[in-house]
Amino acid sequence: MANKKPNVVAIVLGGGKGTRLYPLTMDRSKPAVPFAGKYRLVDIPISNCINSDMKQIYILTQFNSASLHNHIANTYVFDTFSHGFVEILAAEQTYQSDSWYQGTADAVRKNLIHFHDQKADYYLILAGDQLYRMDFREMLKQHINSGAELTIAGKPISRKQATGLGIIGADKDGYIKKFYEKPAAELDISDYKCPPQLLESQLHVKEDVSNEYIASMGIYIFNAKTMEEALNNDKTDFGKEIIPDIIKTRKVSTYLFNGFWEDIGTIKAFYECNLDLASINPSFNFYDEDMPIYTHRRHLPATKMNFCNISCSLASEGSIITNAYIVNSIIGVRTIIESGASLDGVYCMGANFYETEEEKQENARLGRPNIGIGKGTIIRRAIIDQNVRIGDGCRIGIDDIPRQEGDFEMYSYHDGIIVINKNAVIKNGTVM
């Protein structure tokens, strides 16, 4: 008889309020934030699971989950023969608990009763705000062969990068002996350096002095029994509490990953990661037919471009762009850009619907711009959320004027990036 295929249940942690991505998370949960013109952030971990033939997927969330529910319901529909599903588990009140998720570990603990139905051999824990492509089958194979009870995916990084990540201290065989969550820049962590033998055995590279440390990617494979035992307490966070405790008493290994990986949990990282996708040689390759990134099928027509000058940019389906200058930008689905508009370093998320001629006439009567970008409007270094109405002759991010950091009625300004809020109305001639 052939060996039984390991039963893996994947758990995507949707995060809390997503304050670092505000205002993009004002009306939606973090996993539902539009990404790369036509995707949502949650499509990344789900697609990696599907490509790894791990199709039992739960998503844990608790804030503004309606948009996420709609996306999942319209996108990930498995037939009855695949035994696959993508299911959202939002925070709920029960007789045992009336509180919301208090952290990553607490969110998983409160849903163990649902996971038990799948009789998992292993649990795969994933974050909902990262960009990468990984075959989890390779990580699972190493986890089983190592005899570890927990395997943590690790990424070689520099000391400068280490301040914002959990740092793994492993021996030459890949077994983790210690773990430090976000060490301060001045702290001496030289005893956490990655052994050269580990780099050579797992990544087949010699010692790399520019990437001497191993960062936790927030991707874990647990033996099912181990995770349930580790959560039999009131500790709330994997990185700060659960993992350091497990390392002290159980065998824990690391799986080194040397591909592209980026945490996109802040406005600056989100903006830069998106615009890099439109560059000539992007760091992440969406054009991989063997391991595609899946998303909702919209059945929209191809984008129409009339007399445009466009370079180093992506244009998603269903858009109409007329006599515009666009460079280093991403144009989302159903984006309407009128004549004479100019965009440089802009991520325009597009719209959820087209306006009818009757609606456009009503907009004109009310003095309200149509959804999209008006005639002669110039925009630089900005994120434009969905269903935004920007009028004619606006100047956004152009003029060298002092701008106050913070969140305002129609927009926010963070790290030098202007974010126009979802459904905002920017009147003709506005200077921002």
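**Pockets, cavities and a buried serine**

Okay, let's start with the big open space: the largest pocket is lined by 49 residues, and R20, K30, D129, K182 and D263 are the ones nearest its centre. Keep in mind that this is a predicted model. Which elements build that lining? Those giving two or more residues are strand 4 (56–61), helix 3 (104–109), strand 6 (122–127), strand 8 (150–157), strand 10 (176–181), strand 11 (213–223), helix 8 (238–249) and strand 13 (261–263). Strand 11 gives the most, with four residues.

On volume, the largest pocket comes to about 1,500 Å³. As for chemistry, its lining divides into 17 nonpolar, 21 polar and eleven charged residues.

Now the closed spaces. How many cavities of 30 Å³ or more are there? The count is two. The largest cavity holds about 60 Å³ of space. There are 13 residues around the largest cavity, and C348, G350, I371, G372 and V388 lie nearest its centre. That lining splits into seven nonpolar, four polar and two charged residues.

The second largest cavity has a volume of about 30 Å³. You'll find P23, L24, M26, D27, R28, D385, N421 and K422 around it. Here the division is three nonpolar, one polar and four charged.

Hang on to P23 and N421 from that list, since both turn up again with my next residue, S412. Leaving out neighbours within four places in sequence, S412 is in contact with P23, G406, D407, I417, I418, V419 and N421. So where does S412 sit? You'll find S412 in strand 27, residues 411–414. Is S412 buried or exposed? S412 is buried, because its relative accessible area is 1%, and the cut-off for buried is under 20%.

The P23 contact is a nice one to look at on screen. P23 and S412 are 389 residues apart along the chain, yet their C-alpha atoms are separated by 7.0 Å. And if you show the side chains, those of S412 and D407 are joined by a polar contact of 2.6 Å.

Last stop, helix 9, which is residues 267–276. Why do we call helix 9 largely enclosed by the rest of the structure? Because seven of its ten residues are buried. Those buried residues are I267, A269, F270, Y271, C273, N274 and L275.

That's my tour, thanks.

Notes. Residues are numbered from 1 along each chain as its sequence is written. This is a predicted model: local features need pLDDT of at least 70, side-chain atom pairs count only at pLDDT 80 or more; totals for chains, interfaces and linings use all residues. Side-chain values use heavy atoms; hydrogens and water are left out. On a 1 Å grid over the protein atoms alone, a cavity is a set of points where a 1.4 Å probe fits but cannot get out, and a pocket is an open set with protein on both sides within 12 Å along at least five of seven lines; lining residues have an atom within 4 Å of a point. Grid points are joined across faces, edges and corners, and a volume is the space filled by probe spheres set on the points. Ala, Val, Leu, Ile, Met, Phe, Trp, Tyr, Cys and Pro count as nonpolar, Asp, Glu, Lys and Arg as charged, and the others, Gly among them, as polar. Buried means under 20% relative accessible area, exposed over 50%, partly exposed in between (1.4 Å probe, protein chains only). Contact means heavy atoms within 4.5 Å. A polar contact is a pair of N or O atoms within 3.5 Å; within protein, one must be able to donate a hydrogen and the other to accept it, and residues adjacent in sequence count only if both atoms are side-chain atoms.
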